[in-house]
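Let's take a friendly walk through a protein model, looking at how two helices meet and at a couple of loop residues. Have the picture open while you read.

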Amino acid sequence: MTDELSDRQLADRVVHEGDEGAFRLLYRRHSPYLYRFVLRLVAGNEQEAEDVLQETWLRATRGLKSFRWQSALRSWLTGIALNRVREMARKKKRSLTEVEGEWEIPVASMDPGERVDLERALELLPPGFRTVLVLHDVEGFTHREIGSQLGITDGTSKSQLHGARKAMRRLLSFGMETA
């Protein structure tokens, strides 16, 4: 099977012929991106990211036949993954949109002089900041789309993005004054 086939051609083979090779190619094509996306939302918890990724593909294969191709397959898979992360958070009584009080850099978990990389900084953000920052600045969703996906207002999305960017600047500059 060649990598030159489009997602739609591969999906058609999966749906109409049960082509396992076509499914494997779609999986290899999209899973690295989906895993990184989910890993960011679950604050670096690899086991949770793997569970969400597996559930995403299970749901996607069940729904592939009814996918209308009004968006790219990657966008559709991202939406499924986000819904699975939300579902997992609800079961664990966690929130993807919560930001409690005034957020401070969790200095207890950091060594003085240690530079914080982007992924570590994302893990340290409160869930509401992290989720909106990843969806808007990394994935390119609009505030309206984020609000719709997360059940928050556009204004809340904008406010959380502002707070997230401010927090990221503080986190990424932490330790630089001693470097």
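## Two helices that cross

In this predicted model, start with helix α6 (residues 127-138) and helix α7 (residues 143-150): their axes come within 10 Å and cross at roughly 135 degrees. That angle makes α6 oblique to α7, because an angle over 145 would be needed to count as roughly antiparallel, and 65 to 115 to count as roughly perpendicular. The crossing of α6 past α7 is right-handed.

Why mention both an angle and a distance? Two packed helices are described by the angle between their axes and the distance between the axes.

## Who touches whom

Which residues bring the two helices into contact? On the α6 side, look for Thr131, Val132, Leu135 and His136; they meet His143, Ile146 and Leu150 of α7. Sorted by class, the contact of α6 with α7 has four nonpolar and three polar residues, with no charged residues.

## Two loop residues with positive phi

Now move to the loops. Between α2 (20-41) and α3 (46-63) you will find Ala43, whose phi is positive, about 55 degrees, although Ala43 is not a glycine. Is Ala43 buried, exposed or partly exposed? Its relative accessible area is 28%, so Ala43 is partly exposed: buried would need a value under 20%, and exposed one over 50%.

Trp69 is another residue to find, in the loop between α3 and α4 (73-91). Trp69 is not a glycine, yet it has a positive phi of about 65 degrees.

Definitions and conventions
Residues numbered from 1 in each chain as written. Predicted model: local features only at pLDDT ≥ 70, side-chain atom pairs only at ≥ 80, totals over all residues. Heavy atoms only, no water. Axes fitted to C-alpha atoms, helices over the stretch in contact; angles between N-to-C directions. Helix = DSSP H or I, 4+ residues; strand = E, 2+ residues; numbered from the N terminus. Parallel < 35°, antiparallel > 145°, perpendicular 65-115°, else oblique. Left-handed = near helix turned anticlockwise from the far one by under 90°. Contact = heavy atoms within 4.5 Å. Nonpolar A, V, L, I, M, F, W, Y, C, P; charged D, E, K, R; others polar. Buried < 20%, exposed > 50% of the residue type's maximum accessible area, 1.4 Å probe, protein only.
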